[in-house]
Amino acid sequence: MALNVPLLSELYDKHPKPAHITFQYGTAGFRTLGDQLDSVLFRMGVLAGLRSKKLDGKTIGVMVTASHNPEADNGVKLVDPRGEMLETSWESHATALANVNTATEFVDALDAFVKAVKIDLSKPARVVYARDTRPSGPALVAALEDGLKAIGAEAHDEGVQTTPILHYIVRCLNTKGTKDEYGEPTPDGYYNKLATAYKKLVGTKTTLQPLVVDCANGVGFFAIEKIAPLLDSHIKLVPQNVAVDTLGVLNHACGADFVKTQQKLPPSLASVLKPGERACSLDGDADRLMYYYLDERGQFHMLDGDKIAALVTAFISDLVKGSGLEGKIEVGVVQTAYANGSSTKYMEDRVPVRCVPTGVKHLHHAAEHFSVGVYFEANGHGTVLFSPSCLETLRTHEPSTPAHATSLKHLLSLTELINQAVGDAVSDMLLVEAVLAHRSYSGEQWDSLYADLPNRLVKVSVPNRNVFKTEDAERRLVSPPGLQTKLDELVRKYEGGRTFVRPSGTEDVVRVYAEARSRGHVDELAFKVAGIVYDSQNGDPAKRPREFL
Ligand code: NG1
Ligand code: ZN
């Protein structure tokens, strides 16, 4: 069977590539202004079909979202059969296809690709897709559908869904009828699975105070609306920032990224949250989660991905001990260089900890090496993975005391509650709430597990961020030459100082991270480093950002 060249060419011409743009499949797929992505979506439809054919007709997912980015942005990423990110080796194929300039080039590139990776075109292609609430979504989905048609894929539209629900559905579809069956492949299947597991886990524990949930004016609101009634009286969710139909408000002055980067309360919650109360923020596609609370004096305190990881790791470790499985199940933690130094210390005192480069796929793969692998990025994206052998142990273990049996039962509920495919704000929120209920912790008690070192993240615009190359899980620069030595000299002057510089995988900037013992020091350190980075690229002194001086 051959490619349908006339159809591919005809539909290709409906989705011309804007001139002078080079697209790149980065850590979160393609991401840029929504109105520039039409050609990319068409091509990703074709590629998703080919990926499915290559994997013998397994269902591939396509998610149209730009997550926490501004509303005008959009993006697309492919989801592999077990609900994980697209295999790395295909990222460069995606980039290559996105950048060809004519129908002939496109068909030739497809032809060469089909031969090179040995795709049997007679195999079926199955693709399921969804989008977030961005206004550019429907048109981009139409372009995607043309791509799916051009490659002859059987396509299924899940409409507007959170990113984690799409990943969940992909995993369910591909495991249906196998021993790894993951659940009913529908959004309702997802809500029921999570709600049932949550209720089992909290049982008769005292109900916590209502939880304010900032939905970032995005798709997360739909998920909260759907799951809230299924939780009965176990927890009351109070959704805020729910204006999904209002233009211009998605992720604006709200949401997980706002809280993490601004380290403050979304202004819209100022009149909602009272001293002593906790709240959380989702991002625009509901795969990131940030918690926070106001102390008795009304002061804001943030509980980020690192704090979530610490809370969950300690809880799971205790359950493993409590069920008599210590030594048989190893709990480990995976972080990136952005993890707060205090969190790393807290974890290292309890469990093995690994540091990997930024990007969910790195964290996910490293976490798979533990029986229970907890991974969270400081920005609130993360989950907990249970290895197949751990699941087997949990299912077959014979508890020797009633206390062992209770802990075992809780561990089994956790394997149902926690999304095994990808970081999931709704699942993680219920996980946190369950642990808080078990521990009888307030936000303040949770926060006191360790004290964050003051930290600062700064962006620097440079002409070409690709000249920045790193090693040691991005903690050190190897290029431009000599720059790391300058940073080493500088950081030595700050007590508890740590800094690193890396090119962003999702924005055209270089990121500078710094931490130190005091707020004043960390700001000074971060801006000095940013200045050094800017100057190293012969940045125009007249345009040097004032704060870098
Ligand atoms: P980049 O732009 O590569 O720093 C950002 C986040 C990552 C990850 C990706 C994907 C930070 C500092 N970086 O990556 O952790 O979440 O986006 O969305 O938060
Ligand atoms: Zn997101």
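This report describes the domains, the ligand site and the cysteines of a predicted model.

Residues are numbered from 1 along each chain as its sequence is written, and chains are lettered from A and ligands numbered from 1 in the order in which they are written. Local features need pLDDT of at least 70, side-chain atom pairs count only at pLDDT 80 or more, and totals for chains, interfaces and linings use all residues, while side-chain values use heavy atoms and leave out hydrogens and water.

The protein is assigned domain 1 (5–175), domain 2 (206–303), domain 3 (305–424) and domain 4 (455–548); such bounds come from an automatic or database domain assignment. The centres of domain 2 and domain 3, taken over C-alpha atoms, are 25 Å apart. Between these two domains, eight residues of domain 2 are in contact with nine residues of domain 3, where contact means heavy atoms within 4.5 Å.

Ligand 1 lies between domain 3 and domain 4, because both give residues to the shell around it. The residues around ligand 1 include Tyr338, Glu377, Asn379, Leu457 and Ser504, a residue being near if one of its heavy atoms lies within 4 Å. By class, the shell has two nonpolar, five polar and four charged residues; Asp, Glu, Lys and Arg count as charged, Ala, Val, Leu, Ile, Met, Phe, Trp, Tyr, Cys and Pro as nonpolar, and the others, Gly among them, as polar.

The table gives distances from polar side-chain atoms to an oxygen atom of ligand 1; a polar contact is a pair of N or O atoms within 3.5 Å.

| Residue | Distance to an oxygen atom of ligand 1 |
|---|---|
| Arg288 | 3.0 Å |
| Thr506 | 2.5 Å |
| Arg511 | 2.6 Å |

Of the 430 Å² of accessible area that ligand 1 has on its own, the protein covers 91%, by the Shrake-Rupley method with a 1.4 Å probe.

The structure holds zero disulfides, a disulfide being a pair of cysteine sulfur atoms within 2.5 Å. Cys172 is in none, and its nearest cysteine sulfur, that of Cys390, is 20 Å away. Cys172 counts as buried, at 0% relative accessibility, and Cys390 is buried with a relative accessible area of 2%; buried means under 20% relative accessible area (1.4 Å probe, protein chains only).

Notes: Polar contact = N/O pair within 3.5 Å; in protein donor to acceptor, adjacent residues only side chain to side chain. Buried < 20%, exposed > 50% of the residue type's maximum accessible area, 1.4 Å probe, protein only.
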